[in-house]
Amino acid sequence: MPVASPSDRLFLHNEVINDRIIRDEIKEADYIFCAWGEPPEGMYDLYSSRVETVLRILREEIMSSKNKKYALKVGEISKKGYPKHCLAWSYKDEIKNLLE
C-alpha cells in the first residue's frame with residue numbers, strides 16, 4: 001500500500017474537517033442554498049466526487065432531522081447538472097428545491 005505524501009494527508013485532513021463543518025451547518029439550518037457551480041477545467045473527477053460526498057451528507061442530515069429542512073438552488077441547474085454558483089445568479093432566477 002502506498003504511503004500518503006504530506007500534501008495528501010493535509011488534503012484528507014482538511015476534507016474531514018470540511019465535512020464536519022458542512023454537517024454541523026446543515027444541522028443548524030432550515031434552508032440550505034446549494035450553489036457550487038461547474039467544476040474547474042481538468043478537475044471534473046475530483047469535483048464530482050466531492051459533490052457526491054456533500055450531497056450524501058446533505059441527504060443524511062435532512063433524513064435524520066426532526067425539523068423540516070429545505071435544500072435549495074437558485075435558477076436552473078448548470079449545463080453539467082450542478083446548481084449554479086452564486087456569481088451566476090440573476091434577479092430573474094427562481095428559488096427551487098434541489099432534491100425534487
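Lys 68 counts as exposed, because its relative accessibility is 58% and the cut-off for exposed is over 50%. This value, like those that follow, comes from a predicted model. Lys 68 sits in the loop between α2 and β2 (70-74). Tyr 31 lies 37 residues away from Lys 68 in sequence. In space, the two C-alpha atoms are 9.0 Å apart.

The protein chain holds 2 helices and 3 strands. Read from the N terminus, the order of elements is α-β-α-β-β. The chain has 100 residues, and 26% of them count as buried.

Tyr 31 also belongs to a nonpolar surface patch. Its partners there are Phe 33, Trp 89 and Ile 95. Together these residues make a patch of about 440 Å². Ile 95 is part of strand β3, which covers residues 95-97. Is Ile 95 buried or exposed? Ile 95 is exposed, because its relative accessible area of 53% passes the cut-off of over 50%.

Attention now turns to the pockets. Rolling a probe the size of a water molecule over the atoms shows where empty space is left. The largest pocket holds about 190 Å³ of space. Three elements each give two or more residues to its lining: α1 (6-28), β1 (31-33) and α2 (44-64). Which element gives the largest share? That element is α1, with 4 residues. The lining includes Ile 21, Ile 22, Glu 25 and Ile 26. Ile 32 and Phe 33 are also among the lining residues, as are Val 54 and Leu 58. Ala 29, Cys 34, Ala 35 and Trp 36 line the pocket too. By character, the lining has 11 nonpolar residues, no polar residues and 1 charged residue. Phe 33 thus appears twice, in the lining of the largest pocket and in the nonpolar surface patch.

The second largest pocket contains about 150 Å³ of space. Its lining includes Ser 48, Val 51, Glu 52 and Leu 55. Further along the chain, Ile 77, Lys 80, Gly 81, Tyr 82 and Pro 83 also line this pocket. Leu 98 and Leu 99 are among the lining residues as well. The lining divides into 8 nonpolar, 2 polar and 2 charged residues. Trp 36 lines the second largest pocket, and Trp 36 also lines the largest pocket.

How values were computed: Residues numbered from 1 in each chain as written. Predicted model: local features only at pLDDT ≥ 70, side-chain atom pairs only at ≥ 80, totals over all residues. Heavy atoms only, no water. 1 Å grid on protein atoms, 1.4 Å probe; cavity = no way out; pocket = protein on both sides within 12 Å on 5 of 7 lines; lining within 4 Å. Points joined across faces, edges and corners; volume = space filled by probe spheres on them. Nonpolar A, V, L, I, M, F, W, Y, C, P; charged D, E, K, R; others polar. Patch = residues over 30% accessible without salt bridge, like charges linked within 9 Å, V, L, I, M, F, W, Y side chains within 5 Å. Areas by Shrake-Rupley, 256 points an atom, 1.4 Å probe, with all protein chains shown as cover. Salt bridge = Lys/Arg side-chain N within 4 Å of Asp/Glu carboxyl O. Buried < 20%, exposed > 50% of the residue type's maximum accessible area, 1.4 Å probe, protein only.
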